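Hi,

Here is the structure I promised to pass on. Could you take a look when you have a moment?

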Amino acid sequence: MTSAFDDATAVRATGGGTFAITIDPQWSIGGRANGGYLLSVTTRAAMTALAAAGGGAATDGDAARPALEPVAVTGAFAAAAAFGPATVETEVLRRGRSTAVVRARLVADGATCLETLVTAGTLGPDDPLVPGPARPPMPDREACVRLPPKGPGFDVPLMGPLDQRLDPATLGFAMGSPSGAGELRGYVTFDDGRDLDPLALLLVADALPPATFDVPGLHLGWVPTLQLSVFVRAVPAPGPVVVRHVARSVGAGAVDETTDVWDSTGRLVAVGHQLALVRAV
């Protein structure tokens with residue numbers, strides 16, 4: 001059986017490196033498809049095209065190529081993508097033994113909505129020499145607040161298939177009292193129990209509410225992403241991940257945010273960076 005995420009990111013090859021997809025409204029916020037979800041769909045198409053081209057399956061002498069995973073993915077969002085049928089056009093730019101690069105373009109209603117560049121590589125089991133930032137102290141998951149599909153003035157269907165539970169210490173915005181720190185923290189996992197993997201981490205890196213919600217004087221509505229980059233550092237262990245979402249700077253009508261993701265063992269497994277539009281109240 002497939003999960004809701006697998007169904008929503010399914011791709012079907014139609015020839016010439018092009019894939020048919022369906023943009024699912026369940027994975028949306030305020031009537032618009034979530035950026036991390038769209039990044040996951042285009043990356044699945046890119047990795048499927050790479051596999052069809054022999055990435056990770058060919059041999060060099062007697063040594064088989066190692067399995068490749070998406071390790072660095074950058075998406076530039078050109079337009080909102082309408083729900084329903086769409087296509088992803090892919091091009092394999094490089095296919096090496098241990099790395100590969102694929103371009104994927106999401107096209108809906110004849111317009112390019114998202115241009116994605118996927119770098120694939122290997123994710124080994126070894127501990128990193130420099131582990132990155134430590135996971136922040138968190139209350140037990142049961143003590144955190146699950147976000148509902150009804151947001152502050154708009155619907156958030158994404159909160160159905162994605163179980164997100166925020167640290168109460170960062171929920172001041174929901175009571176009209178943001179802390180001003182520009183930081184949200186919480187646990188994230190799939191509601192149907194599907195394990196998180198490198199593809200799902202692309203979604204998780206853009207899943208929490210905008211960190212600007214914790215900044216006084218900013219609008220609590222849609223914060224459209226201009227560009228999103230996610231670096232996958234390890235395959236997550238089973239269980240919910242902890243996500244910290246921080247607004248690093250706000251100005252000129254935009255915010256740059258950094259997202260760190262730790263697995264259930266406390267290991268840093270992904271880092272996201274994005275630039276998004278934001279407006280004052």
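Below are some notes on its pockets, one threonine and the cysteines.

This is a predicted model, so local features need pLDDT of at least 70 and side-chain atom pairs count only at pLDDT 80 or more, while totals for chains, interfaces and linings use all residues. Residues are numbered from 1 along each chain as its sequence is written, and side-chain values use heavy atoms, with hydrogens and water left out.

The largest pocket (an open set of 1 Å grid points where a 1.4 Å probe fits, with protein on both sides within 12 Å along at least five of seven lines) has a volume of about 880 Å³, counted as the space filled by probe spheres set on the points. Its lining (residues with an atom within 4 Å of a point) has 44 residues, with Ile29, Pro210, Gly221, Trp222 and Val223 nearest the centre. By class, 30 are nonpolar, 9 polar and 5 charged, with Gly counted as polar.

The second largest pocket has about 260 Å³ and 14 lining residues, among them Arg233 and Arg267.

Threonine 259 is found in strand S16 (residues 254-262); strands are DSSP runs of at least two residues, numbered from the N terminus. Threonine 259 is buried at 2% relative accessible area, where buried means under 20% (1.4 Å probe, protein chains only). Its side chain makes a polar contact of 2.6 Å with that of histidine 245 (N or O atoms within 3.5 Å, one able to donate a hydrogen and the other to accept it).

Cysteine 113, at 3%, is buried, as is cysteine 144, at 9%. The structure holds 0 disulfides (cysteine sulfur pairs within 2.5 Å).

Best wishes

Technical notes: Helix = DSSP H or I, 4+ residues; strand = E, 2+ residues; numbered from the N terminus. Buried < 20%, exposed > 50% of the residue type's maximum accessible area, 1.4 Å probe, protein only.
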